[in-house]
Every structure is written in C-alpha cells, then in structure tokens.
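User: I would like to go through this model term by term, setting each value against the cut-off behind it. Please take the questions in turn.

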Amino acid sequence: MKSIQTKFILLILSCIFICSTVIGGAGIINAQRAVDADTALMMNYRCSELTSDIDALLSRIEQSVKTLSAYTDEHLESVDRLKNDDDYRQEFTEQLQSVAVNAANNTEGAVAVYVRFNPDFTPPTSGLFWSKTALNGTFQQLTPTDFSKYNPSDIEHVGWYYIPVSNGKATWIPPYSNENINVQMISYVIPLYKNNQTVGVVGMDIDFNVIKELVDEVRIYTSGYAFLTDDKANIMFHKTYPFGISIESVDSSLIPLMTELGNGTSGGNLFSYQANGVKKKMAFRTLRNGMRLALTAPLSEIDSHKNQLILQILLALLIITPLAIMVTIMITRKMIKPLKELNTAAQKIAEGDLSIALTKQTKDEVGTLADSFQKTVNHLQKYIEYINSMAYRDALTGVKNKAAYQETEKRLEEQMHKGWPEFAVVVLDINDLKHVNDHFGHDFGDMMIISACKLICKTFLHSPVYRIGGDEFVVILENADYVNYKELLENFQLAIDDYNASSDADSQLSIARGIAIYNSDIDLVFSNVFKRADDAMYQNKAAMKVKKNNTSTEPAA
C-alpha cells in the first residue's frame with residue numbers, strides 16, 4: 001500500500017509534469033506566434049522602407065520631367081506658330097535647352113533629356129535631345145531621332161514617343177539597353193497637349209543602375225535579398241536570374257509566385273513559395289512605376305531564431321523537471337501556489353494576453369522559472385511596442401507613416417472588393433521645400449513640415465493623417481469629414497492664410513492639394529483613387545506656380 005507521502009509526491013510530480021507541459025507548450029506556441037509576427041513586421045518594414053526610398057527617387061525624377069513639361073507648356077505661345085513658323089520653332093527649342101539640361105543635371109541618374117514635337121506637323125528631327133556619351137561624362141547636344149525612318153509601330157526605336165501619346169498620360173517606359181553607352185535605362189515621358197492637340201512629349205532617360213544598386217544593397221537574415229520584376233513577373237533585376245526572363249521559365253514551381261506578383265497584391269502577410277526545392281517567404285510592394293519590389297529569404301533562416309527559442313524552452317524544461325523532482329518532498333506546498341500562477345499565466349499567453357505580472361514567491365527553480373518567464377514576457381511586450389512604434393509612426397511629425405498608410409490602403413481595398421465604401425483621398429504637398437532646405441537649412445525645413453502637419457491635423461481633426469514622403473501628406477476622409485470635404489478644404493485654405501498673415505516672409509506656407517472621391521465605376525483598386533488625387537495635387541501645384549509667377553511679374557502701382 002502506498003503511503004500518503006508517496007501519493008502526495010506522485011500527485012505533486014504529476015502536477016509538475018502537467019504544469020511543465022502546459023507552460024512549455026504555451027511558451028512554444030507563443031514563441032512561434034511572436035516570432036512569425038515579428039518576421040512579418042520586419043520583412044514588410046524593410047520592404048516598405050526600400051520601396052519608399054525607390055519611390056522617392058522615382059518621384060524626384062517625375063518632378064523634374066513635370067517641371068520641364070510645365071515650363072514647355074507655359075512658354076509655348078501657340079501650336080500654329082510651332083507648326084508653321086520655322087524661326088519660332090528654332091527659337092523656342094533653344095529657349096528650352098538650358099532648362100532641360102539644368103533639369104537633367106539636377107536629376108539623379110539622368111543620362112538623357114529630350115523635348116520632341118509632333119512629327120505629324122513638324123520636321124521629323126524637330127525638338128531637342130541632350131545625352132551623355134559616357135556615364136561619367138557631361139550632357140551633349142545630339143541630333144534627335146528621325147521619325148521618318150521608323151514606323152509608329154516600331155516600339156524598339158520610337159515607342160518612347162508613341163506609347164505615352166497613345167496612353168494619353170505620363171508613362172514609365174520599362175528598362176531597356178542603350179548600346180551607345182552600354183547601360184540599361186528607364187524612361188519617364190509626359191505627352192504635351194495644347195488646345196486638344198498633341199504637341200509632342202517631354203522625357204528623361206535614367207540609368208537603371210541607380211535603382212539596381214539600392215536593391216542590390218539590401219540583405220536580410222543570412223542570404224535573403226531583394227529583386228525586381230515587371231507587372232508580368234519578368235525579371236528586371238535579380239542576383240541570379242538574367243534580365244527579362246520570366247519567373248515561370250526559371251522553375252515551373254514558381255507559377256504561384258508569378259501569379260502573386262502579377263496580381264500586384266501587398267500587405268502584412270508574407271507569401272510562401274518554393275524555389276529549386278528551397279522553401280522561402282517573400283514580402284513585396286508595387287513601385288510607382290509599376291514594377292514589383294520583392295524581399296525574400298529562406299524559411300530555414302527565418303525560423304532559425306524561432307527554433308533556437310523553442311530548443312531553449314525545451315532544454316529549460318528538461319533541466320527544471322529533474323530539479324523539481326528532487327525538491328518536491330521538501331517544498332511541495334510552496335510549489336503549488338507558484339505553479340498555479342505559472343499555469344494561469346501560460347493560459348493567458350496562449351490566448352495572446354501578454355499583460356501578466358508574476359510574483360516571485362519562492363527562492364528556488366520554480367521562482368527562477370517564474371522570473372525568467374516574466375522577463376521573457378516583458379521583453380516581448382517592449383519589443384512588440386517598439387516594432388509597432390517604428391513601423392507605424394512618423395518620427396518627425398508624430399502622425400502616421402507610410403507603413404500605416406499602406407495598412408489603411410489594404411483595408412480600404414478589401415472594402416472596395418466587398419462593397420461600395422464611401423471615402424475620399426486628399427494628397428497635400430508642401431511647395432518649395434527644397435528651396436527652403438537649400439537656403440535656410442534642413443532644420444528650418446523640418447519646422448516648416450511640422451507647421452504644415454499641424455495645420456493639416458487641425459483642419460482634418462477627425463480623419464487620419466499620413467506622412468508618406470518628405471513633403472507629402474495624405475488624408476483619408478470618411479464619415480462626416482467625407483460628407484463635408486468641401487468645407488474642410490475651404491477651412492484649410494483659411495488656416496493657411498491665417499498662418500501666413502502672422503508669419504514673416506521666410507516662414508510663409510504654400511501647400512498644394514488634390515482630392516479624389518472613390519468611384520466604384522472607375523476605381524478598381526485603391527491606387528486609382530490615389531493617382532487621381534495625386535494628379536489633382538500636381539495640377540493645383542502647377543496652378544499655384546503660375547499664379548505666383550503672374551503675381552511676381554505684375555508691375556508696381
């Protein structure tokens with residue numbers, strides 16, 4: 001017959017075994033969830049960060065071309081003179097040259113700039129074309145491409161002209177090789193229109209290496225890397241695969257990856273796939289020129305920290321269990337209470353609740369386990385809070401950042417797929433910030449950004465404000481703000497006027513803005529709404545610039 005002590009010891013040992021199993025299992029499950037969530041946050045953050053850098057570069061290129069386009073449109077007296085007056089056409093071309101070359105010299109990676117007139121009513125080589133004959137050389141005036149030698153369907157030679165004109169909007173030309181200077185280029189081209197007539201195009205060729213270098217520098221985990229594809233999942237840049245090859249032709253098992261990239265989806269979840277027998281996970285974003293930026297890493301490397309943590313938990317259990325058996329007889333009663341507390345804490349963690357507080361009641365292994373467990377939970381809480389603050393808050397202004405904006409974009413796009421949400425997108429851009437930074441310093445520029453942000457937040461008090469670029473903000477209007485958007489925009493202008501009235505000349509604020517309201521008939525994805533708002537903002541910026549120029553040139557009374 002077994003003694004009460006034996007039965008009690010067996011009971012305690014059984015409880016210890018059960019509690020250890022629960023705590024270990026909960027720790028393993030929680031560790032797996034925490035590390036998986038952390039991995040998704042980290043990879044998406046790195047991908048979003050790189051996307052922001054590349055998009056910022058593309059945006060600067062677009063701005064240079066838009067500036068040249070606006071200048072060309074503003075100084076073109078009439079289409080008829082351009083058609084019929086050879087002297088005027090030559091004089092106008094010479095007038096554009098210094099502006100075009102200056103824009104190219106101040107644009108990172110620019111290797112050529114051109115303004116070409118419509119060959120339907122001007123000579124086939126009319127316009128200007130300045131290009132570098134070597135990457136480290138200077139811009140030189142060259143004879144523009146002779147349109148008379150090529151059919152409009154010859155995409156290879158004159159697609160840079162006819163594609164944007166056919167699209168009727170500014171267009172990014174995919175990467176192609178310039179054999180003259182042995183470099184891959186991408187081009188941004190804007191068609192010119194006046195009085196409903198196609199005047200020509202303004203464009204700039206950019207060394208694709210400036211983007212490839214940004215992508216090639218990225219490393220994650222041990223062997224993780226980034227790569228670029230077009231919207232059809234053809235390789236644009238990869239450390240292994242050649243340019244232009246389809247992902248599908250590399251490995252038939254990559255068809256799901258090809259489909260995912262082609263759909264252009266993005267978000268917080270990582271995409272799992274297999275390449276050459278290696279399991280991988282990938283985060284990717286769509287760049288503003290339509291290309292896909294992907295960040296990928298082997299699953300074995302992603303899970304290495306998780307496996308180490310699980311192994312540590314298992315080793316801790318293997319070490320703690322024998323020690324607990326040795327001291328069971330002496331401290332059975334003292335162990336019951338802390339074990340129950342640990343069990344309760346483990347259940348909370350298994351449910352995702354990290355707001356626990358363990359009390360160290362004994363000076364033994366169980367107490368040490370409770371203390372270590374609490375420290376682990378505390379570290380997880382701090383780390384998750386740190387990651388969230390880094391991922392979703394802009395450090396300068398305190399408003400939401402590009403990562404938070406992309407989460408909102410995903411949410412609204414899901415609503416668009418399910419129904420007809422009511423929302424509007426307001427894009428705001430601080431004018432002349434580069435001028436302020438250049439003449440007064442970046443600290444003064446930061447103060448201007450903060451002041452502008454305060455005005456935006458004060459006006460759109462009930463709507464989320466996002467800083468998605470150095471001088472660019474986005475506001476998502478829903479509910480009452482969506483209904484009253486006209487009044488809010490009027491109030492915003494009044495707020496700017498009041499601010500400028502009480503500020504000195506150097507602190508004056510000028511903020512371009514554009515709004516687009518979601519229309520289920522034309523907006524298939526969220527980016528369509530944003531693009532219309534962004535275009536409206538640039539139109540407003542151009543109008544403000546024209547108004548400013550007109551005001552500055554008016555004669556004094």
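User: Why is Cys 457 called partly exposed?

Analyst: Cys 457 has a relative accessible area of 25%, and partly exposed is the class between buried, under 20%, and exposed, over 50%, computed with a 1.4 Å probe and protein chains only; Cys 457 therefore counts as partly exposed. This is a predicted model, in which local features need pLDDT of at least 70 and side-chain atom pairs count only at pLDDT 80 or more, while totals for chains, interfaces and linings use all residues. Residues are numbered from 1 along each chain as its sequence is written, and side-chain values use heavy atoms, with hydrogens and water left out.

User: How do you know that the structure holds zero disulfides?

Analyst: A search of the whole structure finds zero disulfides, a disulfide being a pair of cysteine sulfur atoms within 2.5 Å. For Cys 453, the nearest cysteine sulfur is that of Cys 457, 3.9 Å away, so the pair does not meet the 2.5 Å cut-off. Cys 453 itself counts as buried, at 3% relative accessibility.

User: What makes Lys 194 and Asp 73 a salt bridge?

Analyst: Their closest N and O atoms are 3.6 Å apart, and a salt bridge asks for a side-chain nitrogen of Lys or Arg within 4 Å of a carboxyl oxygen of Asp or Glu, so the pair qualifies. Lys 194 is in strand β5 (residues 183-194) and Asp 73 in helix α1, 121 residues apart, where helices (H or I, at least four residues) and strands (E, at least two) are DSSP runs numbered from the N terminus.

User: Why is Lys 194 called buried, and which class does Asp 73 fall into?

Analyst: Lys 194 has a relative accessible area of 19%, which is under the 20% limit, so Lys 194 is buried. Asp 73, at 34% relative accessibility, counts as partly exposed.

User: What makes Arg 288 and Asp 534 a link between distant parts of the sequence?

Analyst: The side chains of Arg 288 and Asp 534 meet in a salt bridge at 3.9 Å, N to O, which lies within the 4 Å cut-off. Arg 288 lies in the loop between β10 (278-286) and β11 (292-298) and Asp 534 in helix α16 (residues 526-553), so the pair ties together parts that are 246 residues apart in sequence. Asp 534 counts as buried at 3% relative accessibility, whereas Arg 288 is partly exposed at 31%. Salt bridges that share partners join Glu 62, Arg 288 and Asp 534 into one network.
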